[in-house]
Protein chains: 4
Amino acid sequence: MVQRTPNPQRRSARSHAAILKAAYELCQQQGYARLTIEGIAARAGVGKQTIYRWWPSKGAVLLDVFVDQILARLDAADTGSPLDDLRRRVHTTAEVLADTTIGPHIASLLVDAQADPALAKELHERLVAPARAQHRELIRTAQDRGELRADIDVDLIADTLFAPLWFRLLVTKAELSPDFADSIVDTVMSGTAPAQARPRR
Amino acid sequence: MVQRTPNPQRRSARSHAAILKAAYELCQQQGYARLTIEGIAARAGVGKQTIYRWWPSKGAVLLDVFVDQILARLDAADTGSPLDDLRRRVHTTAEVLADTTIGPHIASLLVDAQADPALAKELHERLVAPARAQHRELIRTAQDRGELRADIDVDLIADTLFAPLWFRLLVTKAELSPDFADSIVDTVMSGTAPAQARPRR
Amino acid sequence: MVQRTPNPQRRSARSHAAILKAAYELCQQQGYARLTIEGIAARAGVGKQTIYRWWPSKGAVLLDVFVDQILARLDAADTGSPLDDLRRRVHTTAEVLADTTIGPHIASLLVDAQADPALAKELHERLVAPARAQHRELIRTAQDRGELRADIDVDLIADTLFAPLWFRLLVTKAELSPDFADSIVDTVMSGTAPAQARPRR
Amino acid sequence: MVQRTPNPQRRSARSHAAILKAAYELCQQQGYARLTIEGIAARAGVGKQTIYRWWPSKGAVLLDVFVDQILARLDAADTGSPLDDLRRRVHTTAEVLADTTIGPHIASLLVDAQADPALAKELHERLVAPARAQHRELIRTAQDRGELRADIDVDLIADTLFAPLWFRLLVTKAELSPDFADSIVDTVMSGTAPAQARPRR
DNA sequence: GCGTAAGCGAGACGGTACGTCTTGTCTTCTG
DNA sequence: CAGAAGACAAGACGTACCGTCTCGCTTACGC
């Protein structure tokens, strides 16, 4: 897992792409747990060292595989209403996590990260933190506009909105339906709406 | 992982206990990820086969190690107020997950279970389902007594209350403090209290 | 190359035999240099660890493969005349070294041993020393009987008789014919015969 | 191992020298077996390709390192007596082979050559054949002058004189002392001297 | 005296084999 | 005769070098 920090300028785009492609395909075929660096190297037609040269672990490769496509799918349209944007965001997050070509693998990455601080750090920096930053921004805007109670901690609202999605994915494995996403938002909103504007569905 | 279903009557209590003890100690020392069946067998002074005979996987052993002590610590005192019981329950769950001799290992078990359906099933049946059953019972009682809105799905309330704890443990690794537990309960309660009894702290 | 000194009693005769057989066959097919522990394990249907458990190196396996059959072929008939026995011995040694299923591999073993003291030691103890002991015995007997000059060092005579065979095998790669064996013996004998019985053929 | 036959005129004398120097030093430090082309290139501050451009193998580099200094040290003074020259030649050969900065490496080269015909050829042409040519010349002159029996094959005498040195270096690893060199010559001479002039020490 | 072709240091590349590790099964010996 | 001890087949691990292949750079011919 040592990195001699090779020169990124000379990196072979061909190999890079082949590795990500092979990793993605094998992950879909066999699942994250059965994936091996040997297997990726073999399918990509690449030396193992080429993988070790550029990634510190299997998880890091998979992070590269998934992070862009996930962030792209999460990108919320700006509707002008931060509350609507937030609801939309919960929906798309639920969709992505429910997608069987993504959700289980992200869950596995999360698992791997429990035992691999470097992977945990990268996962956080590239996936968790950016997503959360957007959530906090939306929440803060809503609070500023008086659409959400301002006396509740931003992080707490974010956790309450998104945690149930991960909880179902990882713990109860219950369905991550759009209805569920809606229910969460409704429930949380009704507790966090300003007193004068509490929705009463 | 094959089980020849040996006669449980002839099981050696001595070995059984030694295995659980060794597994617990090694788990504390090295962490779940570095734990091996070989290591457990060696420390327990037991043949590997004796472990494979009675447990299908490393995770199953660890489940045996942790499940009883966790459920014992979660057992809520019945205060007569289901809402208070529920709040207490969130608190004790947060405490258990925050306990560094338990939380990380449960997290690891959960991770392992993502790739091992048998382990997932057992984890669910012995830990997740019992705890959730109690939660649902408390919620339903509170709804019956009119202390919680009855038009919100029991599971949804349960998810919203407990998911943030797991989310912080697994994803954001933020602190699982009693205050956080309180905040969750407050927030969720304010959204799920009946209209006429909404708390307004 | 570490040996945990496993219990030889529990050694699998099946695997042991399969490994030696595979090593022999691959050695004949590809030659010693292209031989690989991986290859032997694969052909023998054996785990690599099983080879590493019982042999410290590739050369050690090959030594086991060849040592018995070589010593068997060298075993000289006792004709009653130590000089004749000695001559016969030079002949059989030349034959064995000239045998393309043995000579090149022994040469390679010798080469490997130059860089591997453990292998060198074993090669010496199991092959070189036993053969030399027999040579010295024959020479000493001949000296006692007055058939060889007694004022010449036993080792020197042994070296002079057998060294040219190895020299041709390793250095000049010239033919190791029976005639050559005879010529060596004749030449050396004519210098080492007692004055009164010098052959003059 | 392919050579695009580069232009020797443009060869960098600097690199050439650095490579030979690095190879020599590393060979002394680590021994021939642990020597690598990568290591030589690194120590010489040279690209690997520059080595592969001018030498087909590690052995070829080492041959260049040793061949000149060996031949220089073997160069016999012409005393007028071919027999004395021959004896002197056996002495210097023993000295060179006994030199721990040369002998073991030459032995290793010989070993490598067993599996590398190109190296074997070059080793023969540049080291073995020239030395042998001189030996044969001396022997033939001695025979012409009647100082050695003319009915014994030149090659046979050469083998008998020099083979024991290599034998001790490669096989028995016994001492290559001047006394040993003398003993060989004495013994062989006493068998190959003409009948009328046989020495009788 | 200028451009171009080569050699050069550097090092990424696809590979092979290494020796170690762990898994889950099978075998043997022992209390 | 149950179980500890541990050998076994399998195969992934991460490392070391292999020999080939670009890269820019610099050197020195030949036009």
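Chains C and D meet through the same surface, because 97% of the interface residues of chain C are also interface residues in chain D. Keep in mind that this is a predicted model. Laying chain C on chain D takes a rotation of 179° with 0.0 Å of shift along the axis, and the fit has an RMSD of 0.2 Å. That means the two are related by a two-fold axis. Where does chain C come closest to that rotation axis? At C:Gly191, whose C-alpha sits 1.7 Å from the axis.

Now for the other pair. Chain A goes onto chain B by a turn of 179° and a shift of 0.0 Å along the axis, with an RMSD of 0.1 Å. The C-alpha of chain A nearest the axis belongs to A:Gly191, at 1.6 Å. Here too the copies meet through the same surface, since 97% of the interface residues of chain A are also interface residues in chain B.

Some chains keep apart, as the table shows.

| Chains | Touching? | Nearest C-alpha atoms |
|---|---|---|
| Chain B and chain C | do not touch | 16 Å apart |
| Chain A and chain D | do not touch | 15 Å apart |

What is a single chain built from? Take chain A: it has 9 helices and 0 strands. Read along the sequence, that gives the pattern α-α-α-α-α-α-α-α-α. Along its principal axes, the C-alpha trace of chain A spans about 65 × 35 × 30 Å.

For a look at how helices pack, go to chain B. Helix α1 (residues 13–30) and helix α4 (residues 58–74) of chain B have axes 9 Å apart and pack at an angle of about 85°. An angle of 65 to 115 degrees counts as roughly perpendicular, so α1(B) is roughly perpendicular to α4(B). Which residues make the contact? From α1(B) come B:His16, B:Ile19, B:Leu20, B:Ala23, B:Tyr24, B:Cys27 and B:Gln28. From α4(B) come B:Val61, B:Leu62, B:Asp64, B:Val65, B:Phe66 and B:Gln69. Sorted by class, this contact of α1(B) with α4(B) has 9 nonpolar, 3 polar and 1 charged residues.

Last stop: empty space. Rolling a probe the size of a water molecule over the atoms shows where such space is left. The largest pocket holds about 490 Å³. It is lined by 20 residues, and the closest to its centre are C:Tyr32, C:Val111, C:Asp112, D:Val111 and D:Asp112. Which helices each supply at least two residues of that lining? They are α4 (58–74) and α6 (103–115) of chain C, together with α6 (103–115) of chain D. By class, the lining of the largest pocket splits into 9 nonpolar, 6 polar and 5 charged residues.

Note on methods
Residues are numbered from 1 along each chain as its sequence is written. Chains are lettered from A and ligands numbered from 1 in the order in which they are written. This is a predicted model: local features need pLDDT of at least 70, side-chain atom pairs count only at pLDDT 80 or more; totals for chains, interfaces and linings use all residues. Side-chain values use heavy atoms; hydrogens and water are left out. Axes are lines fitted to C-alpha atoms, for helices over the stretch in contact, and angles run from 0 to 180 degrees between N-to-C directions. Helices (H or I, at least four residues) and strands (E, at least two) are DSSP runs, numbered from the N terminus. Angles under 35 degrees count as roughly parallel, over 145 as roughly antiparallel, 65 to 115 as roughly perpendicular and the rest as oblique. Contact means heavy atoms within 4.5 Å. Ala, Val, Leu, Ile, Met, Phe, Trp, Tyr, Cys and Pro count as nonpolar, Asp, Glu, Lys and Arg as charged, and the others, Gly among them, as polar. On a 1 Å grid over the protein atoms alone, a cavity is a set of points where a 1.4 Å probe fits but cannot get out, and a pocket is an open set with protein on both sides within 12 Å along at least five of seven lines; lining residues have an atom within 4 Å of a point. Grid points are joined across faces, edges and corners, and a volume is the space filled by probe spheres set on the points. Copies are superposed by least squares on the C-alpha atoms of residues with pLDDT of at least 70 in both.
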